[in-house]
Amino acid sequence: MRRWQSDRILFGGDYNPEQWPEEVWAEDVELMRRAGVNLVSVGIFSWALLEPAPGRYEFGWLDRVLDLLHDGGVDVDLATATASPPPWLARAHPETLPRRADGTVLWPGGRQAYCPSSPIFRERALALVEAVAGRYADHPAVVLWHVSNELGCHNAHCYCDVSAEAFRAWLRDRYGDLDGLNAAWGTAFWSQRYGDWAEINPPRTAPTFANPTQQLDFLRFSSDEQRAQLRAERDLLHRLVRQPVTTNFMIGTGVKALDYHSWVDDVDVVANDHYLTAADPRAHVGLALSADHTRGVARGEPWLLMEHSTSAVNWQPRNVAKTPGQLRRNSLAHVARGADGVLFFQWRASRAGAEKFHSALVPHAGPDTKVYREVCRLGADLAALAEVRGSRVDAEVAILFDYEAWWGVELDSHPSVDVTYLDRLRALHDSLWRANVTADVVHPSTDLSGYRLVLVPTLYLVRDADVAALHRFVAAGGSALVTYFSGIVDEHDHVRLGGYPGAFRELLGVRTEEFFPLREGERVRLDDGATADVWTEWLHADGADVLAAYADGPLPGVAAVTRHAVGEGAAWYVGTRLDEPATDALVARLLAEAGVRPATTAPPGVEVVRRRDGDRSWLFVLNHTADEARLAAAGVELLTGTTCAGELVVPAGEVAVVREDGTVAA
């Protein structure tokens, strides 16, 4: 992979000078210098300005912007500007517009109004990429290239005739012939057997449930089509420029449509956008999950936070502003969990447009504001943390995550609408967060040999090779936990026969003969005092030890939690949805058995993560509480330059980063 070349932690954000009179640009660069900004993304939504008519390019304004930034010491992540086509493309080629499943056309006026399978869009986009790259390949300001922007954010799925033909081609490549497709899709059910490729369409609006494997394959196809646009632009850039190429993923923001684990080899630098859910008072825990997942996609390598917000966003029902100090804590939490760059949307808050109430580094009120002062403080912090760049995050726990399992588990006509993919993922990760144990969120095909404990939440769809790998991990001495509704189907969404949890029966030493989903609001008690809801199942221990059984509900006396010794390790199963205290107690038992220790002991609400590079380590401490926190640490506190000799005091709402001297490091 090509790497960005910098001895600094990158800091800045999206810069949209085309929204402002040219006399504002010099002030922008001066304010960037004061804040310590060293990288800005330019040109992301500039297609209509760069190519105001087909084949007519106007680069003068961008020439002046890049020169001004370079003279001011600010590097540029230059966009290909293909994120949203100009109105002239839709007028000349209305067939490029996307359609919903019910046939509704999505018109220009917002952004991303294009069919991702459109060859006309691809042709015009690559012509723009070639023009921009040809002009700026050697510009001294440009250190990184930015393909499109948040690919698939608004047009992930298109059901038009162009997409239908592309879907058929994708299916031919996947299955070879119609016999293979009919077998995979189970078309003997409901008289769906196909005799000609032309009979196959995307899963458009139908009288009732669409074929589930058709739905699953369309989701795979749609992710691959977005990926194909990324690869086409990336390949052209690699021929024309020497700088690394990236695009901004949307991991941990609820974006379900794109299989980012399959995209990682298509970028030189993994970059991610993350925005808090304002209504969640514990959104910083969700931030940690997003960062841990981004690091997992990056295979443990440092990554770039391409976008987050200085304060409120504009697109949630209630756009809550960040409180004093929250901007800094959020940003440094990403750094703690592996980010080597912290960027925002956007530099200067817009006067017009749909995002005019989205916060920025320079608010509408100007630089004499809480936000800009905090931005300047963060810039100084990141400069003080330059030595951390390139280090890796300590993690002895892995959580398995698969977008295809997410797609599969939330298809229609399933046992319970209350079983959702992110639920147990978040519950287990939250429990680890409370225990100050860091986890990598990784694909099931990842090499697990470096971990002590592997958590497997709701892995409904799983491949045989990944099951075998988990079995080898446990037999070699690892500990694993599998939660309910895992291992149920193969990659075609066909049920694994012989009893649930299908693929994991042998590993877990259990067999379920029937699911017993609970009614809305119904709860059950376990004989160890725990409570649970949503799900129970008629579970038989088939070699496993029963750790807890139901005390009431539809299945009194039936096993709910089990442990199965396998080789040198053990595999645990939870057949119900435990409440938070029971989840914490179970995770504590798993950590103890696996020999996993927290980064250090800290008060509740204080987040602790360790980054390491060889024999050097840095302890990040983020105090999310309203009280002073004290914990063991020894070394130099980088943000203040002071030395702590055994005890670290972190004021309420503050952050500390200690270069450890080894006396208390784990």
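Which residues of helix α7 (residues 178–185) are buried? They are Leu178, Leu181, Asn182, Ala184 and Trp185, where buried means under 20% relative accessible area and exposed over 50%, with a 1.4 Å probe and protein chains only. Helices here are DSSP runs of H or I with at least four residues, numbered from the N terminus.

A word on the source: this is a predicted model, so local features need pLDDT of at least 70 and side-chain atom pairs count only at pLDDT 80 or more, while totals for chains, interfaces and linings use all residues. Residues are numbered from 1 along each chain as its sequence is written, and side-chain values use heavy atoms, leaving out hydrogens and water.

Back to α7. Its buried residues cover an arc of only 165 degrees around the axis, which puts them on the same side of the helix; the arc is taken from the directions from the helix axis to the C-beta atoms. Asp179 and Ala183 are exposed on the other side. The cover over the buried residues includes α6 (161–175) and α8 (212–240). Just after α7, Gly186 takes a positive phi of about 60 degrees.

Now for those two covering helices. α6 and α8 pack at an angle of about 105 degrees with axes 10 Å apart, the axes being lines fitted to C-alpha atoms over the stretch in contact, and angles running from 0 to 180 degrees between N-to-C directions. They are therefore roughly perpendicular to each other, a label for angles of 65 to 115 degrees. Among the residues making the contact (heavy atoms within 4.5 Å) are Phe167 and Trp170 of α6 and Phe218 and Phe221 of α8.

Key: Helices (H or I, at least four residues) and strands (E, at least two) are DSSP runs, numbered from the N terminus. Angles under 35 degrees count as roughly parallel, over 145 as roughly antiparallel, 65 to 115 as roughly perpendicular and the rest as oblique.
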